Amino acid sequence: MSVTAHAPIPTERDERWHYAPLDEINARMERSVAPCGDVPTSVTPMLIDAMVGATGARLVFVNGMHTAELSDCHQLPAGVRCDVSNTSGGGGPPVATVTVDEGVRFEEPLRVVHVAVPDADAVKSLLSRARTIIELGTDAHAVVVETFGGLDGSRASTMTESSTTIRLGDRAELAYYRIQIEALDATHVGHTLIDQGADSSVGMTSVTLGGDIARNAIHVHLDGPGARADLAGIAVTGGHQRHDTVVTIDHAASRCTSNQRFNGVVDDHGRGAFSGEIVVQPGTTGTDAHQSSRNLVLDPNAEADARPWLRILADDVRCTHGATVGRLDDDALHYLRSRGIPLVAARAMLIDAFLRNVTDSIAHEAVRAHVAALVTSAASEASEASTRATRPAWPVEHP
Amino acid sequence: MTSNMVEDLVEREYAFGFHSDVDTELAPKGLSEDVVRLISAKKDEPDWLLEWRLGALRHFLTLVEPKWPNLQYPPIDYQDMHYWAAPKPKPQLASLDEVDPEIRATFDKLGISLDEQKRLSGVAVDAILDSVSVATTFKKTLAEAGVIFCSFSDAVREHPDLVRKYLGSVVGYRDNFFAALNSAVFSDGSFCFIPAGVRCPMELSTYFRINAAQTGQFERTLIIAEEGASVSYLEGCTAPMRDENQLHAAVVELIALDDASIKYSTVQNWYPGDADGKGGIYNFVTKRGRCAGARSKISWTQVETGSAITWKYPSVILQGDDSVGEFYSVAVTTNYQQADTGTKMIHIGRNTRSTILSKGISAGHAQNTYRGLVKILRSATGARNHTRCDSLLIGADCGAHTFPYVEVKNDTAQVEHEASTSKISEDQLFYCRQRGLTEEDASTMIVNGFCREVFDELPMEYAVEAQALMRVSLEGAVG
């Protein structure tokens with residue numbers, strides 16, 4: 001198992017938490033209460049359909065509690081299971097388990113949905129815990145979409161603490177999409193741990209749009225020789241949002257390949273951070289690891305931070321990383337505007353293109369369409385917010 | 001600090017019966033106000049400087065040694081050290097034949113002239129090339145241009161106002177653990193002042209080579225370039241330096257006013273310890289420049305091949321509008337050497353630009369780390385940074401690490417960072433060997449090519465020596 005699974009409680013001196021407002025997260029956690037009672041009536045099957053953009057097999061949790069009437073896992077083929085198990089002792093949260101047996105290939109997306117709903121009457125925010133375990137046997141193949149959604153608060157907000165553990169057998173293949181679209185006042189602290197067997201491959205795309213404070217930590221442990229991890233992600237950070245994406249890829253075996261592509265857009269007073277770390281353990285050979293972090297700053301008050309790290313303890317490696325921070329290309333903007341496209345739309349187009357660059361590689365068509373819709377609406381919101389805020393780059397257009 | 005407190009302290013000193021014995025050759029072990037007072041008294045310093053040292057000491061005593069760098073070394077007992085010793089004259093040797101043959105061989109490989117070899121090893125120099133008289137000529141040229149270049153102690157005596165105005169203005173004693181230590185007990189160092197509009201008539205490196213002084217382990221350098229002035233300064237030497245002090249905590253402060261430019265080059269080849277990692281210098285340095293004026297420029301170039309541990313981040317605070325910061329670095333670690341080095345570029349002024357180019361080479365069991373920060377503050381409209389750091393690994397047991405931080409708070413900034421890590425390309429090696437080069441020659445050639453862009457930034461004569469130095473440093477690591 002990887003080190004992070006046993007990591008001590010983070011402190012502000014912990015480099016992995018460098019850009020996360022740890023004090024604020026702790027304070028919010030202190031102030032939160034565990035949810036109890038029934039599923040709020042506001043959560044309907046239609047709402048879930050809209051949230052995930054599809055029907056089909058799914059496990060639904062509302063405030064950390066499994067909701068059988070919203071879930072649907074009855075028509076799965078042999079060897080594919082979506083279950084809920086309670087951790088021993090009964091004190092822990094229920095765990096969503098997605099299992100695909102040895103040699104089984106299942107192409108349809110399996111969905112795990114966590115919905116955070118604030119308590120309409122309470123002042124305190126609700127703290128829910130989301131636990132998911134995804135296991136693929138040898139030669140298995142699956143597509144899993146995990147969605148973290150939420151409803152806007154009344155007076156109180158929500159806090160979600162999530163942990164997803166993924167284990168891949170030898171030669172297993174998983175496409176995993178993590179979509180976080182919680183309410184804009186929500187707090188989200190997520191952790192994804194991926195353990196890979198020999199020659200297994202994971203393609204993960206993470207979409208971070210929601211949450212007031214949202215931390216998305218991904219730890220990939222390339223444990224078997226020849227394992228491959230392709231990670232992509234986007235984050236759109238506006239308002240007073242703070243998004244922190246932390247990726248660690250641990251090359252513990254030889255001949256492993258990893259690739260990271262993360263694009264971030266910050267506007268308004270948002271603060272987006274990307275920390276990526278490639279670790280190559282001693283004694284490994286034939287490592288190929290790449291990482292790129294591109295960031296777009298749209299507003300004078302926004303902040304983008306990047307921390308692309310390499311920690312390399314073997315010599316037979318090819319590792320590269322690149323990080324850029326900049327604004328929209330004036331030439332491209334001028335080109336679009338000279339063809340009669342209004343400023344807001346032109347900016348939205350460019351932001352959309354910048355983000356789609358990452359999400360267009362999603363292999364599953366329905367998932368790609370759903371993510372594209374999310375990205376386009378996020379891009380147009382970011383464009384509107386930042387066009388209002390920034391001074392025009394050249395004389396204001398005629399009404 | 002109030003004057004009452006000062007008086008209290010003065011009285012307490014007497015209460016303990018301490019006498020500053022000016023004839024003492026060695027301060028007692030440990031760090032205390034008494035020791036700081038002794039150092040200050042030895043150097044006949046004014047009261048304000050003593051107070052400054054004491055302030056630094058009091059602050060130092062509240063600090064805990066930082067543990068965040070990617071370095072492994074046994075704990076240092078700061079109370080088990082002598083903080084002042086009378087400068088010892090080097091033993092005079094009758095001829096070069098008495099010099100350690102290993103060192104002589106290195107001198108030859110580096111292509112250092114015989115006269116200079118003699119001077120570096122402390123052989124009595126003959127009358128024809130008297131280094132003292134050459135130094136005097138240089139001093140005259142500098143004085144004619146109005147450049148002040150002297151030891152720090154001399155500067156305190158002769159130009160106290162300048163020293164007082166600028167000392168600690170870039171690296172204050174509250175800056176960090178080692179800066180506080182240095183501020184309390186600094187032994188000596190260099191002071192350089194280029195008045196407005198003066199282009200320093202010579203590379204200060206040239207002067208330095210003739211007049212290499214023993215500055216002790218807590219060196220302090222202060223360079224000020226006034227409006228429109230420019231200077232190129234070289235610290236160190238390609239020749240291997242043996243030194244009995246294991247811990248070196250130096251502070252270098254550069255200040256560039258409007259349109260001024262300072263180029264600071266370092267070639268560091270201190271004793272790195274033996275092949276098993278025993279011994280060697282700990283080089284924990286705080287170097288920072290402040291581009292205080294508009295259109296000013298500060299450029300750091302460093303070639304780090306020595307020291308068991310190198311821990312330093314020559315940085316630039318880009319305060320003036322349109323100011324420029326540069327950092328070019330080659331860090332070579334072999335055997336059990338460790339380096340955690342890089343830079344910080346803090347963009348404050350408008351249209352400030354910075355370039356970072358770092359080349360790390362790691363061989364044997366060494367660990368080489370680049371750590372850098374590029375920070376664009378809200379006020380730095382139109383700021384621009386380009387960073388490239390490449391690492392080369394030679395051997396399976398070494399490590400190369402890259403820890404950059406990019407923090408951008410301005411939407412008009414453009415920041416790019418790129419890095420790569422790999423071993424010497426088999427194809428390149430094969431190509432060279434095909435043409436009859438030995439594996440070692442081929443590797444050295446490739447490594448020199450890898451470092452080329454940084455060597456180009458060095459003053460010419462050092463660029464040549466740096467290439468030779470690279471070969472000497474990597475001897476046995478390749479092939």
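Buried means under 20% relative accessible area. The model used in these exercises is predicted.

**Exercise 1. List the buried residues of helix H4 of chain A, then test the length of the helix.**

Step 1. H4(A) covers residues 343-359. Its buried residues are A:Leu343, A:Ala346, A:Arg347, A:Ala348, A:Leu350, A:Ile351, A:Asp352, A:Phe354, A:Leu355, A:Val358 and A:Thr359.

Step 2. Take 1.5 Å times one less than the number of residues. For the 17 residues of H4(A), the expected span is 24 Å.

Step 3. The end C-alpha atoms of H4(A) lie 24 Å apart, so the expected span agrees.

**Exercise 2. Find which residues of helix H1 of chain A are buried, and what they pack against.**

Step 1. H1(A) runs over residues 22-31, and A:Leu22, A:Ile25 and A:Arg28 are its buried residues.

Step 2. Look down the axis of H1(A). The buried residues fall within an arc of 130 degrees, so they line one face of the helix.

Step 3. Turn to the other side of H1(A): A:Asp23 and A:Glu30 are exposed there.

Step 4. The buried residues of H1(A) pack against four strands of chain A: E8 (158-168), E10 (187-196), E12 (213-222) and E14 (242-251).

**Exercise 3. Determine how many disulfides the structure holds, and examine B:Cys150 and B:Cys451.**

Step 1. Over all chains, the count is zero.

Step 2. B:Cys150 is in no disulfide; its nearest cysteine sulfur belongs to B:Cys192, 8.8 Å away. The cut-off is 2.5 Å.

Step 3. For B:Cys451, the closest cysteine sulfur is in B:Cys389, at 14 Å, which is too far for a bond.

Step 4. Check burial. B:Cys150 has 12% relative accessibility, so it counts as buried. B:Cys451, at 0%, counts as buried too.

Methods
Residues are numbered from 1 along each chain as its sequence is written. Chains are lettered from A and ligands numbered from 1 in the order in which they are written. This is a predicted model: local features need pLDDT of at least 70, side-chain atom pairs count only at pLDDT 80 or more; totals for chains, interfaces and linings use all residues. Side-chain values use heavy atoms; hydrogens and water are left out. Buried means under 20% relative accessible area, exposed over 50%, partly exposed in between (1.4 Å probe, protein chains only). Helices (H or I, at least four residues) and strands (E, at least two) are DSSP runs, numbered from the N terminus. The arc is that of the directions from the helix axis to the C-beta atoms. Contact means heavy atoms within 4.5 Å.
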